[in-house]
Amino acid sequence: MSESSGRPRAPITEADVLAWLETTAAAVQAGEVSAPELIELLGELRRASAACADASDWALLAAREEGASLRQIAPVFGKGYVRAPAARLEKLHRQAQNASQWLAILRHKNEGAR
């Protein structure tokens with residue numbers, strides 16, 4: 001959580017990713033990064049992307065539990081209608097009924113990956 005505002009913040013932002021990408025692209029163009037290193041990096045990024053998607057799903061469930069309407073959530077999905085978050089919630093509810101259950105699933109998944 002951010003100390004200044006008291007509300008949780010995402011652990012990484014678009015600006016963080018773009019800054020990293022610019023630096024990494026320059027290193028690749030300078031020949032400082034090999035193809036095998038890029039393949040390893042690709043795997044890391046794919047796992048991080050999946051972790052961000054899992055965190056997003058948790059936040060969606062938690063927002064609904066805290067009383068957010070689908071109309072309030074919809075703009076975050078880049079749509080002006082409620083079908084996108086409603087469809088995601090429907091899929092999530094096949095696995096977990098609330099954010100606590102989803103977090104338990106993620107913990108179990110993470111323990112299995114170790």
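The expected span of a helix is 1.5 Å times one less than its number of residues. I began with that rule, since I wanted to check the helices of this predicted model.

**Entry 1: helix lengths.** I took helix 2 (residues 35-65). With 31 residues, helix 2 should span 45 Å, and I found its end C-alpha atoms 45 Å apart, so the two values agree. I then repeated the check on helix 1 (residues 14-29). Its 16 residues should span 22 Å, and the end C-alpha atoms lie 22 Å apart, which agrees.

**Entry 2: after the helices.** I looked at what comes after each of these two helices. Helix 1 is followed by Gly-31, with a positive phi near 80 degrees. Helix 2 is followed by Gly-67, whose phi is also positive, near 100 degrees.

**Entry 3: buried side of helix 2.** Which residues of helix 2 are buried? I noted Leu-41, Asp-54, Asp-57, Leu-60, Leu-61 and Ala-62. Their cover includes helix 1, helix 3 (70-73), helix 4 and helix 5. Two of the listed residues are Asp, and I followed up one of them, Asp-57. Asp-57 counts as buried because its relative accessibility is 7%, and the cut-off for buried is under 20%. Leaving aside neighbours within four places in sequence, I found Asp-57 in contact with Arg-88, Leu-92 and Trp-102.

**Entry 4: Arg-88.** I went on to the Arg in that list of contacts. Arg-88 sits in helix 4 (residues 83-93). Is Arg-88 buried or partly exposed? At 26% relative accessibility, Arg-88 counts as partly exposed. Not counting residues up to four places away in sequence, Arg-88 touches Asp-57, Leu-60 and Phe-77. I also looked up its separation from Thr-13: the two are 75 residues apart in sequence and 22 Å apart in space, C-alpha to C-alpha.

**Entry 5: helix 2 against helix 4.** The axes of helix 2 and helix 4 come within 11 Å and cross at roughly 100 degrees. Angles of 65 to 115 degrees count as roughly perpendicular, and the two helices are therefore roughly perpendicular to each other. I listed the residues that meet: Asp-57, Leu-60, Leu-61 and Arg-64 from helix 2, with Pro-85, Arg-88, Leu-89, Leu-92 and His-93 from helix 4. By class, this contact divides into 5 nonpolar, 1 polar and 3 charged residues.

**Entry 6: the core.** I then looked up the largest nonpolar core, which has 11 residues. The members are Leu-60, Leu-61, Ala-62, Ala-68, Ile-73, Leu-89, Leu-92, Ala-96, Ala-99, Trp-102 and Leu-106. Helix 2, helix 4 and helix 5 (99-113) each supply at least two of them. I checked the surroundings of one member, Leu-61. Leu-61 touches Leu-89, Leu-92, His-93, Asn-98, Ala-99 and Trp-102, with residues up to four places away in sequence not counted.

**Entry 7: Tyr-81.** Last, I looked at a loop residue. Where is Tyr-81 found? Tyr-81 lies in the loop between helix 3 and helix 4. I recorded 35% relative accessibility for Tyr-81, so this residue counts as partly exposed. Tyr-81 and Arg-71 are 10 residues apart in sequence, and their C-alpha atoms are 6.8 Å apart in space.

Key
Residues numbered from 1 in each chain as written. Predicted model: local features only at pLDDT ≥ 70, side-chain atom pairs only at ≥ 80, totals over all residues. Heavy atoms only, no water. Helix = DSSP H or I, 4+ residues; strand = E, 2+ residues; numbered from the N terminus. Buried < 20%, exposed > 50% of the residue type's maximum accessible area, 1.4 Å probe, protein only. Contact = heavy atoms within 4.5 Å. Axes fitted to C-alpha atoms, helices over the stretch in contact; angles between N-to-C directions. Parallel < 35°, antiparallel > 145°, perpendicular 65-115°, else oblique. Nonpolar A, V, L, I, M, F, W, Y, C, P; charged D, E, K, R; others polar. Core = buried A, V, L, I, M, F, W, Y, C linked by side-chain atoms within 4.5 Å.
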